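Please read the following explanation with the sequence and the model side by side. It moves from helix packing to a pairing of charges and then to the surface.

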Amino acid sequence: MATRAQWVEGARPRTLPAAVSPVLAGTGVAASLDAVHLGRALLALVVALALQVAVNYANDYSDGVRGTDADRVGPLRLVGSGAAEPAAVRRAAFAAFAVAGVAGVLLVAVSGAWWFLLVGAASVVAAWTYTGGRRPYGYLGLGEVFVFVFFGLVAVLGTTYVQAERLDLVAVLAAVGVGLHACAILVANNLRDVPTDAVAGKRTLAVRLGAPRTRRLYAVLVLAPPLLSALTAALLASAWPLLALLALALAVPPARRVAGGAAGRALVPVLRDTGRLELVHAALLALGLALAA
């Protein structure tokens with residue numbers, strides 16, 4: 001039986017900034033449109049957090065039963081380490097999906113955007129089939145594409161729409177920036193796991209590109225989002241969105257570490273720093289957008 005601490009570690013709390021950040025950014029865009037609804041924002045946050053935990057447990061289960069996690073560097077894997085039975089981890093994933101579903105239905109009910117039920121269903125399918133199912137797309141090098149779409153575009157634009165009931169180019173730029181940072185977290189994770197993933201037949205983008213090109217990709221993903229604030233500032237004719245440029249101070253250290261050849265366990269702090277970067281960038285962007293309103 002896994003301990004409570006092991007279940008918490010298995011939920012991978014260091015990845016939770018990827019769930020909080022799009023809600024922050026999307027709410028910031030809603031503020032720029034003078035249409036913030038805190039209740040809806042909180043429901044969106046519950047959906048995002050529950051989906052993140054669900055996908056973490058789902059990945060733990062699917063990778064564990066496939067044997068991918070038999071020799072793994074990084075945070076505890078409940079199934080791969082033998083700390084928990086696969087069925088228990090699967091139930092934990094389904095429970096988190098259920099929480100996301102209930103919160104999502106409530107959000108749809110209060111916002112009136114019933115077509116978002118289809119978006120929610122697609123999000124659940126994408127979360128499960130990342131490493132689950134017969135042909136998991138995470139094993140085909142498509143993980144970053146889906147992370148960009150669902151933890152960037154869908155999450156930010158969805159958060160904005162359920163509050164403001166409309167979108168604009170500022171929302172798209174915010175979604176792109178958050179999506180790139182979310183991809184950076186996955187790229188750092190997969191760069192760490194290149195040796196074991198290659199042996200296990202998990203053809204992630206990092207495995208396909210090779211370590212040198214993956215390191216260059218990571219640098220682009222962490223440095224580009226703050227620079228997008230210049231375009232946002234121009235669109236709004238306000239300097240306040242430039243606050244997001246301050247996030248570059250947090251982007252440079254992990255980019256240097258990755259470019260310098262960090263590998264294996266040395267990349268674990270990079271994952272932490274990338275998550276913190278995404279969260280701070282989203283918070284600064286949201287603040288700048290609110291002040292620009």
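In this predicted model, a useful place to begin is helix α2, whose axis and that of helix α8 (residues 169–192) come within 10 Å and cross at roughly 170°. Because angles over 145 degrees count as roughly antiparallel, α2 is described as roughly antiparallel to α8. On the α2 side the contact is made by A18, S21, P22, A25 and V29, and on the α8 side by V170, A171, A174, V178 and I185. Sorted by class, the residues of this contact comprise nine nonpolar, one polar and no charged.

Helix α2, which spans residues 17–32, also packs against helix α14 (residues 268–292), here at an angle of about 10° and with the two axes 8 Å apart. That angle makes α2 roughly parallel to α14, since angles under 35 degrees are counted in this way. From α2, the residues P17, A18, V20, S21, P22, L24, A25, G28, V29, A31 and S32 take part, and they meet G275, E278, L279, A282, A283, A286, L289 and A290 of α14. The contact of α2 with α14 has 14 nonpolar residues, four polar ones and one charged residue.

Another pairing is that of helix α11 (residues 211–227) with helix α13 (residues 248–259), whose axes come within 9 Å and cross at roughly 175°, so that α11 is roughly antiparallel to α13. The residues in contact are R215, Y218, V222, L223, P226 and L227 from α11, together with L248, A251, V252, P254, A255 and V258 from α13. By class, this contact of α11 with α13 divides into eleven nonpolar residues, no polar ones and one charged residue.

Turning from helix packing to charged side chains, one may recall that side chains of opposite charge can pair when their charged atoms come close. The structure holds six salt bridges, and one of them joins the side chains of K202 and D63, with a distance of 3.2 Å from N to O. This pair links distant parts of the chain, for K202 lies in the loop between α9 (194–200) and α10 (205–209), whereas D63 belongs to helix α3 (residues 38–66), 139 residues apart.

What, finally, do V105, W114 and L117 form on the surface? These residues make up a nonpolar patch, and together they have about 300 Å² of accessible area. Within this patch, W114 is found in the loop between α5 (86–111) and α6 (116–129).

Note on methods
Residues are numbered from 1 along each chain as its sequence is written. This is a predicted model: local features need pLDDT of at least 70, side-chain atom pairs count only at pLDDT 80 or more; totals for chains, interfaces and linings use all residues. Side-chain values use heavy atoms; hydrogens and water are left out. Patches are made of residues with over 30% relative accessible area and no salt bridge: like charges are joined within 9 Å, nonpolar side chains (Val, Leu, Ile, Met, Phe, Trp, Tyr) within 5 Å. Accessible areas come from the Shrake-Rupley method with a 1.4 Å probe; for residues, only the protein chains shown count as cover. A salt bridge is a side-chain nitrogen of Lys or Arg within 4 Å of a carboxyl oxygen of Asp or Glu. Helices (H or I, at least four residues) and strands (E, at least two) are DSSP runs, numbered from the N terminus. Axes are lines fitted to C-alpha atoms, for helices over the stretch in contact, and angles run from 0 to 180 degrees between N-to-C directions. Angles under 35 degrees count as roughly parallel, over 145 as roughly antiparallel, 65 to 115 as roughly perpendicular and the rest as oblique. Contact means heavy atoms within 4.5 Å. Ala, Val, Leu, Ile, Met, Phe, Trp, Tyr, Cys and Pro count as nonpolar, Asp, Glu, Lys and Arg as charged, and the others, Gly among them, as polar.
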